[in-house]
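Load the model and keep the selection box ready. This tour goes stop by stop, with what to select and what is there.

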Amino acid sequence: MDISERESLIIRDLTVQASVGVDSWERKRMQPLILSIHLFTDIAQTSSDDALQTSHLNYSSVARDISHYLSTTLSSSFVKSFEALALLIAKLCVIEYGASAVFLELRKPHALLHAECAGVSIYRTKKDFLEYNKYFTPETTSVPTINSSPLPLIPTNFTVETLQYDKIFIKNLTLSVIIGVNPWEREEKQRIIINIIIHLTSPLEIFSDHVPRNLNYRRIAAAVTSHVEKSSYKTQESLVESIAFVCLSECKTPKVSVMIEKPSALLYAASAGCKITRDPSWVFGNGSALKLGTDGLLTRHAVESNKPVVSGDDTAASGKWKTAYLALGANVGDTAQNIENALRQLESRADVKLLDTSFLYETAPMYVTDQPNFLNAACKISTMLTPENLLAAIKEIESNIGREPTVRWGPRAIDLDILLYERLEIDTETLTIPHPLMAEREFVLRPLSDIAPDEEHPKLFRTIYKLLALLSHSEKPTPQMQKVIPLPSISTNTDGKTLSRKTIKLLKWGSQHTSLMGILNITPDSFSDGGKYNSDIEKAVAQAEKIARCCEFIDVGGMSTRPGAVEITEKEELGRVVPVIKAIRQLVKKQVGAEDQTAIVSIDTYRASVAEEAVKCGANFVNDVTGGNGDSEMLRVVKELGVPVCLMHMRGNPRTMIKLTDYASANGEGLMEVLKKEMSGCVSRAIQVGIRRWNIVVDPGIGFAKTAEQSLEILKELKQFARGGELTGLPVLVGPSRKRFIGKILEDAGKKEVEADKRVWGTSAAVVKAIEGGAEIVRVHDVEEMKDVVDVADKFWK
């Protein structure tokens, strides 16, 4: 008999409160739930004497007791899933109140931001709760009472009749999309309403307080939303099938029903739409599989097997490249070089490829606070190692670097942890994946979010970015974190081949201070100060002393890159910069001692050989005006040296760049969009070579292949420069000092003397604007004046 024809007492749309899951803003708190219950019973027992006996089912008592139980007793016990809560309520109805069976629908109105509700419906009989399976003990299946534990009974012996009513649903998911065949419908997005029902095909899919990944309504809603909002179908029929495909193929749901409605379709109707039901055999069946093309259309392709390929299958198999994410931390010794050494040992293995690294963070210790600060980072690798063998490999690296046994969470020279390995879940005595504590550790989530913000936690069904956002809004205190750039001193070992690295300074950025880079041109023809220091080392060193008193960086350049400048030979460039860098280092040794060489020397060159020699002579930073494009060996050399690099945007070379200022694109993109796209390419190439993300600084290239108007636009829109794509979050260096665009502004304002050395006040305004736009480093000539400007501007903008 259909349950709709059976006698029952009905409680419809009872609003209750319960502590279950999180709300639409991901907060753990008491939430309203809407409950509808059909209590199957013999109505004739009450109707015969028209009196309500204590032995009879009483909907008033049931509603009161359930409401009280959920808002009081259960409020102290956090239930993760309302699927488990639905089972608990069903169990109370048949065991406590004596109903022969119960059908209930539990809706969560604030489950999703863009849907009316998410919910679950189930049907259970007394038999379901009383027949025990051999795998479960009485302790794990005890019947709850109003004052008992909220653990639901695990029903394990369902009939077909029971299963056909088990559903998870998303009701009235409302999205905006281009949809329709009429020309006007192709111009503007319109509202559509989507209803999704997941038909449960196994009783074990809803048996505990943990929802499998393929049944998580948040994940399903997110996947459908992402697909729909990027689509532009002409027919609802194509759209509804594509949504079903996303549910079955991407989310791996069981049988699914999808209905879409278009409220604006008909003038005299509330809506028009269509509904379909599909199961996995529709996607994978008869030796073929559906595939969603780039045009949004579904096409069928032949496959070797009609078995669906489930994400996570065979992820532990050796001999196949798999993606994993590792956490790195250190707080003993030269922590930056310990982390660098660990990465180089990973790179040296044939069965590991280092794909990306995060920014580097200085972090206050967590758990055991009486110890030095840590440096923390994360990296993405591809590996042929199984998780167990990868664990053995990183333990060997830890031993090589000198990690020694200590108290749990205590000091260590290096710490490597496997955070994620594909979508695998492992829980053994020696290895747990995903890392069990990562969701509560900002020093893990923040670096991981730098390189994998959209990666989903296999157990928590949240992206890394979402987990970080939740943690930042939680009440748990987390250690303070500070982005840093490690500045190393490089020297050649006695064998004349290998290099030694020692960190002389951790440059903090993203903080309350803008760093100054002072310009020291050892050239006869630079546009502003050419000829001042190129023939006299003593004068150059004296200027370096002056710069060091005001600035974090001394930027030494031996070849002019002004518009129209003539390229000099490599030998001549080396002859200019190397003696000066050596002299600066000797001066530092004499003044502060060999053990404290904290002056940061930057080499301004686009030649890899000059950068390499300069670094070996004492430079700590490479400033490449070509963004790594001027010399094919530059990025490789920078990576091998292990020093930070500033990649600047420039087109062509100093002789041709003035003719390369057309940034109009075929798709209508403006200057900033094209600039960011070209700069992202530079950063991508650097990362692919192996340069650490924490060692990359970007410069939009004011005045290089830019007109005066374009340089102004870049300064105005600077906040947008390091947002999106590979540029996201990178520190920005800006060099507006004495540039031609400042002279043009002053000339247009009527000033007669606009030579480069007369542009100090104009430079100060540009520096302030750069700081307001988020610049972390400004490159200047007039160091004493600009130090005052920066100190004051930081109080406003940092």
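In which sense do β12 and β16 pair, and over how many bridges? They pair in the antiparallel sense, over six bridges. Helices (H or I, at least four residues) and strands (E, at least two) are DSSP runs, numbered from the N terminus. Two strands pair if DSSP finds at least two bridges between them.

Before moving on, some ground rules. The model is predicted, so local features need pLDDT of at least 70 and side-chain atom pairs count only at pLDDT 80 or more, while totals for chains, interfaces and linings use all residues. Residues are numbered from 1 along each chain as its sequence is written, and side-chain values use heavy atoms, with hydrogens and water left out.

**Stop 1: strand β12**

Select residues 322-330. This is β12, and eight of its nine residues are buried, so the strand is largely enclosed by the rest of the structure. Buried means under 20% relative accessible area, exposed over 50%, and partly exposed in between (1.4 Å probe, protein chains only). Now add residues 374-383, which form β15. Nine bridges join β12 to β15, and the two run antiparallel. Pick T323: its bridge partner in β15 is S382. Then pick A327: its bridge partner in β16 is D417.

**Stop 2: a three-strand sheet**

Strands of a sheet pair through backbone hydrogen bonds, either parallel or antiparallel. Select β9, β10 and β11. They form an open sheet in the order β9-β10-β11, with antiparallel pairing. β9 (284-285) and β11 (298-302) stand at the edges with a single partner strand each, so one side of each has no neighbour in the sheet. Zoom in on β9 and β10 (residues 288-292): two bridges join them. F284 has A289 as its bridge partner in β10.

**Stop 3: backbone oddities**

Go to the peptide bond between I433 and P434. It is cis, with omega about 0°. P434 sits in the loop between β18 (432-433) and α11 (442-451).

Next, select E422. Its phi is positive, about 50°, although E422 is not a glycine. The loop here runs between β16 (415-421) and β17 (426-427). Is E422 buried or partly exposed? At 27% relative accessibility, E422 counts as partly exposed.

Then jump to R738, also not a glycine, with a positive phi of about 60°. R738 is found in the loop between β27 (733-734) and α19 (740-748). At 8% relative accessibility, R738 counts as buried.

**Stop 4: helix α15**

Select E612, in helix α15 (residues 608-616). E612 is partly exposed, with a relative accessible area of 29%. Which residues does E612 contact, leaving aside its neighbours within four places in sequence? They are V637 and L641. Contact means heavy atoms within 4.5 Å. Draw a distance between the C-alpha atoms of E612 and L641: 7.4 Å separates them, with the two positions 29 residues apart along the chain count.

**Stop 5: the cavities**

Rolling a probe the size of a water molecule over the atoms shows where empty space is left. A cavity is a set of points, on a 1 Å grid over the protein atoms alone, where a 1.4 Å probe fits but cannot get out; lining residues have an atom within 4 Å of a point. Points are joined across faces, edges and corners, and a volume is the space filled by probe spheres set on them. How many cavities of 30 Å³ or more are there? The count is four.

The largest has a volume of about 70 Å³. To show its lining, select A336, Q337, E340, L360, P486, P488, G642, W694 and N695. Two elements give two or more residues to this lining: α9 (335-347) and β19 (481-492). α9 gives the most, with three residues. By class, the lining has five nonpolar, three polar and one charged. Here Ala, Val, Leu, Ile, Met, Phe, Trp, Tyr, Cys and Pro count as nonpolar, Asp, Glu, Lys and Arg as charged, and the others, Gly among them, as polar.

The second largest cavity holds about 40 Å³ of space. Select M559, T561, E573, D604, T605, Y606 and V625 for its lining. Three of these residues are nonpolar, two polar and two charged.

**Last stop: zoom out**

Show the protein chain as cartoon: 21 helices and 28 strands. Of its 798 residues, 53% count as buried.

Conventions. 1 Å grid on protein atoms, 1.4 Å probe; cavity = no way out; pocket = protein on both sides within 12 Å on 5 of 7 lines; lining within 4 Å.
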